[in-house]
Amino acid sequence: MSVVSTKTVGNIAIIVIDNPPVNALSHAVRSGVSEQIAINDENDNVDAIILSCAGRTFCAGADITEFGKPPMSPSLPDIIDEIEMVNTPVIAALHGTALGGGFELALSCHYRIMDTAAKVGLPEVNLGLIPGASGTQRLPRLVGVEVALDMICSGKPISAEKALKIGAVDRLSLDDLETETLAFAQELLADKSPLKRIRDITIEAAPGAIEKYRQKIARKSRGFLAPFAAIRAVEAAATLPYDEGLKVERQEFMTLISSSHSIAQRHLFFAERLAGKVPGIDKKTPLRDIKEVAVIGGGIMGCGIAVNFLNKNLPLTLLEVTEEALETARSKIEGIYLSSVNKGRMTDDQMQKCMDQLTFTTQYDDLSTADLIIEAVFEDIDVKKQVFTKLDQVAKQGAILATNTSFLDINDIAASTSRPRDVIGLHFFSPAHIMPLLEIVRTKNSADDAIATALKIGKIIGKTSVVSGVCYGFIANRMSSCYGREAGLLLLEGASVSEIDQTLFDFGMPMGMFSMLDMAGIDIGVMARKNMMVGSYDDKAFLVHDALVASGKKGQKTGSGFYIHDPATKSKTENPEVEELAVKIAEEHGIKRREINAQEIEDRCIYALINEGFKIVEEGIALRASDVDVVFAHGFGFPRYRGGPLHYAEQVGLEKVLKRINEFADLYGSKWWTPSKLLVENSRKN
Ligand code: T1G
């Protein structure tokens, strides 16, 4: 059955694309659209053509699975030119998410009508690309240079209301899209409306606007290629004739599509979707019905977790041990919402609607109707076991009992209940209502439907979920502790805090290890290590951390840690005590300090991540290598243009990585630098 067909309603031809799941513009779709446009344009009985899609959305873009393969005609630019140049009015009827090439297809039409719930956008930068089918030339001509730059460089879709306001679409459909598009077409014919060809519009940018925008995105887009390529293409739209500008877009696009950046970002796009698939758990597994949620613990994590569910208007009960603690929790949650209201991200009414879903209690019996209960109490195994023992007595049959623990043994926690099949980990990252990553921890007894339900819930609350097995620190924190170990050892060996942080920042991390520790609180790691078995980590690597915390220097929250923080200027300077501590501890441990270059700093920290990541896959803690990439990109901001630690290792070359790890093993001992067996095995395949 063709993926593109035409149905006729009177003198109007409706071309319907039907290529599930998102009507991606595959070769078959492009060929079908080209053919149907030509047929209907030549049909004297057709006075107007509507371009629409079946299913849940108008075309959501080019078919990303075709990238990297030999191009097949007609290309998207080909059909876009064909559509714009026909003599029959073509009207795009948009619903769902008309994105990327899909929106560019709509821009080639003479008119656009959009369902009020639909969105349009050019998200190509998220794939390390720019719009490659005239979007950088048409959108600025339609909405102006500055609005176009924002849409293209942010990649963020816009609502129907905004699209109408900026002139990206001509009409909104308030009820039935097809009916209203037919009426719109008749109106255009009756008015003898001209064929609006965007290529014919000329525009110019306000003096300095392009350069100003380039500076505006410099920090956020640091290290990325695509946003700056997009600016060059839009600048061409504002300064060159259409066809000349199109050549600039094409050149920039072709450079990007074969770049390591785009290959890495496309890897992550598919990895994020693959992470939601668990071998052995059928995607048709019946899910548990989650109508009511409960959170135990009104600390920073508990409140942040609660907000995720309140945002989706799920009734939620928060339990704390005292009324005072509940009041503190209430003000924390109100504070989170008020911050969003003050930033204009939500209205007072929306805040109130969320707060209305929230109830507080000190009684476990009040949790007896909850379908999902998330424990977020103190990171102590005995405290958690007590909580789960109580939950086992009060929770309804079939309720999912989840712990937010960062590293404790959830098999052990599950064993303290009579229902281990209902126990899972839901490991959020602080701040829990903002950080996109959710580790769903599967114990040896977790029921398949509990895991499948958790994956669905993760999607509903807007998280990127990754399933992990049970080990110390699961995937994210286990890898992060190795990365932190090397940073701590480098500090003792002679590298300074700022040298280490600068190197990691230059690599593309959002901030260096010590800046991150000062922001999160050095004491969190110190406390976590107290629960670790002696010998399970290199304790000398964290002695500076321990000493700072012992003297009350826990980071930003106490004014100083690895840095001295100036709250007035929000600036920070290295804390000289750290160097003194490092020299003293190095001497006590017979460590000879030396100059250490940035390459060694980078390799020691990043290759430690890589090696541990391969071990996590090898042990079956992570289901696949790409899951590890998703965890570190979403959990710690590993630069998306490097694709995640294990994708990056492939791009460096596994043999080269292994060689360097073996050098570190020779220099620093095999305890921490024994190469992963999987890494050794895979390096032989390359
Ligand atoms: N090509 C191929 N497959 C795609 C796809 C695409 N563009 N978009 C989604 N899929 C698959 C996805 O892998 C998944 O597959 C299924 O569809 C459902 O997706 C020339 C060059 C549209 C908002 O970047 O943002 O056009 O896992 O799980 O959460 O200038 O998909 O089921 O096998 O994400 O409801 C530009 C990318 C492309 C949009 C739907 N377009 N897609 O979200 O479902 S480049 C994009 C999305 C381009 C032109 C340039 C989302 C969505 P599977 P899903 P969802």
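In the predicted model, the side chain of T285 reaches the backbone oxygen of D282 at a distance of 2.5 Å. T285 is found in the loop that lies between helix α11 and strand β10 (293–296). With a relative accessible area of 17%, T285 falls under the 20% limit and is therefore classed as buried. Leaving aside residues up to four places away in sequence, T285 touches D449 and A452. Both of these contact residues lie in the stretch 448–460, which forms helix α17.

Helix α17 is part of a β-α-β unit. Strand β16 (residues 437–441) pairs with strand β17 in the parallel sense, over 5 bridges. The chain crosses from β16 through α17 to β17, and this crossover is right-handed. Within the pairing, L438 has S465 of β17 as its bridge partner. Strand β17 covers residues 464–468, and 5 of its 5 residues are buried, so the strand is largely enclosed by the rest of the structure. In a regular strand, side chains alternate between the two faces of the sheet. In β17, T464, V466 and S468 point one way, whereas S465 and V467 point the other way. The residues pointing in either direction are all buried.

A second buried threonine, T403, belongs to strand β14 (residues 400–403). The relative accessible area of T403 is 0%, which places this residue in the buried class. A polar contact of 2.4 Å links the side chain of T403 to the side chain of E375. When residues up to four places away in sequence are not counted, T403 touches E375, K384, F388, I410, I413, I424, G425, L426 and H427. E375 thus appears both in the list of residues touched by T403 and as its polar partner.

E320 is found in the loop between strand β11 (316–319) and helix α13 (323–342). The relative accessible area of E320 is 17%, and E320 is buried. The side chain of E320 reaches the backbone nitrogen of G298 at 2.9 Å. G298 is also among the residues that E320 touches, together with G297, G299, A325, L326, T361 and T362, not counting residues up to four places away in sequence. The C-alpha atoms of E320 and S108 are separated by 58 Å, and the two residues are 212 residues apart along the chain.

S108 is within the range of helix α3 (101–108), one of the elements that supply at least two residues of the shell around the ligand. Strand β5 (97–99) and helix α11 (260–274) likewise each supply at least two residues of this shell. Helix α11 gives the most, with 3 residues. In total, 28 residues surround the ligand, and the closest are R56, E104, E124, R273 and K277. Polar atoms of the protein lie at short listed distances from the ligand in three cases described here. A backbone N or O atom of A60 lies 2.9 Å from a nitrogen atom of the ligand. A polar backbone atom of A62 is 2.8 Å from an oxygen atom of the ligand. For K277, an N or O atom in the side chain is 2.7 Å from an oxygen atom of the ligand. Taken alone, the ligand exposes 1000 Å², of which the protein buries 76%.

Technical notes:
Residues are numbered from 1 along each chain as its sequence is written. This is a predicted model: local features need pLDDT of at least 70, side-chain atom pairs count only at pLDDT 80 or more; totals for chains, interfaces and linings use all residues. Side-chain values use heavy atoms; hydrogens and water are left out. Helices (H or I, at least four residues) and strands (E, at least two) are DSSP runs, numbered from the N terminus. Buried means under 20% relative accessible area, exposed over 50%, partly exposed in between (1.4 Å probe, protein chains only). A polar contact is a pair of N or O atoms within 3.5 Å; within protein, one must be able to donate a hydrogen and the other to accept it, and residues adjacent in sequence count only if both atoms are side-chain atoms. Contact means heavy atoms within 4.5 Å. Two strands pair if DSSP finds at least two bridges between them. A crossover is right-handed if, with the strands pointing away from the viewer, the path from the first strand over the helix to the second runs clockwise. A residue is near a molecule or strand if one of its heavy atoms lies within 4 Å of it. Accessible areas come from the Shrake-Rupley method with a 1.4 Å probe; for residues, only the protein chains shown count as cover.
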